[in-house]
Amino acid sequence: MKMKLKRGYVAITSKMRDSLNSEINRTGVGPQKLLRGNKEARSIGLTSGIIYCILGKTGHSKSCKESLYNLALALWVPRPNKDVNTSIQT
């Protein structure tokens, strides 16, 4: 049985969850830290709770707004790897 989605929503796939999880593992930054101080993302509607739902950590959501998923991924991608030391040593 195919799920009917609202306009602007997409079915959450394991590939989507894997993409977000790999960014969390790569950067060492979780949803709360990612959004800390980011009022623009919050005003658009992206919260750490939504990210956790997409990841399947708080229940098992079957769909999400495509724009929120894309925004979450776009916020993680430019972040450096967690094992890269960005401090300047003299």
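**Exercise 1. In which helix is Glu 23 found?**

Before starting, note that this is a predicted model, where local features need pLDDT of at least 70 and side-chain atom pairs count only at pLDDT 80 or more, while totals for chains, interfaces and linings use all residues. Numbering runs from 1 along each chain as its sequence is written, and side-chain values use heavy atoms, with hydrogens and water left out.

Step 1. Glu 23 sits in helix α1. Helices here are DSSP runs of H or I with at least four residues, strands are runs of E with at least two, and both are numbered from the N terminus.

Step 2. Put α1 in context: the protein has five helices and two strands, and reading along the sequence gives β-α-α-α-α-β-α.

**Exercise 2. Find the salt bridge and describe its two partners.**

Step 1. The structure holds one salt bridge, a term for a side-chain nitrogen of Lys or Arg within 4 Å of a carboxyl oxygen of Asp or Glu.

Step 2. Glu 23 pairs with Arg 26, and their closest N and O atoms are 2.6 Å apart.

Step 3. Both partners lie in α1 (residues 14-27), three residues apart, or about one turn of the helix.

Step 4. Now check accessibility, where buried means under 20% relative accessible area, exposed over 50%, and partly exposed in between (1.4 Å probe, protein chains only). Glu 23 has 13% relative accessibility, so it counts as buried. Arg 26 has 24%, so Arg 26 counts as partly exposed.

Step 5. Leaving out residues up to four places away in sequence, Glu 23 touches Gly 28, Leu 73, Trp 76 and Val 77; contact means heavy atoms within 4.5 Å.

**Exercise 3. Work out how α1 packs with α5.**

Step 1. Two packed helices are described by the angle between their axes and the distance between the axes. Axes are lines fitted to C-alpha atoms, for helices over the stretch in contact, with angles running from 0 to 180 degrees between N-to-C directions.

Step 2. The axes of α1 and α5 (residues 66-76) come within 10 Å and cross at roughly 25 degrees.

Step 3. Classify the angle: under 35 degrees is roughly parallel, over 145 roughly antiparallel, 65 to 115 roughly perpendicular, and the rest oblique. So α1 and α5 are roughly parallel to each other.

Step 4. List who meets whom: Met 16, Ser 19, Leu 20, Glu 23, Ile 24, Arg 26 and Thr 27 in α1 contact Tyr 69, Ala 72, Leu 73 and Trp 76 in α5.

Step 5. Sorted by class, this contact has seven nonpolar, two polar and two charged residues. The classes: Ala, Val, Leu, Ile, Met, Phe, Trp, Tyr, Cys and Pro are nonpolar, Asp, Glu, Lys and Arg are charged, and the others, Gly among them, are polar.

**Exercise 4. Repeat the analysis for α1 and α4.**

Step 1. α1 and α4 (residues 48-55) pack at about 120 degrees, with their axes 9 Å apart. That makes α1 oblique to α4.

Step 2. On the α1 side you'll find Arg 17, Leu 20, Asn 21 and Ile 24, which meet Cys 53, Ile 54 and Leu 55 in α4. These residues divide into five nonpolar, one polar and one charged.

**Exercise 5. Follow Thr 27 to its partners.**

Step 1. Thr 27 lies in α1 and counts as buried because its relative accessibility is 6%.

Step 2. Setting aside residues up to four places away in sequence, Thr 27 touches Trp 76, Arg 79, Pro 80 and Lys 82.

Step 3. Take Trp 76: Thr 27 and Trp 76 are 49 residues apart in sequence, yet 7.7 Å apart in space, C-alpha to C-alpha.
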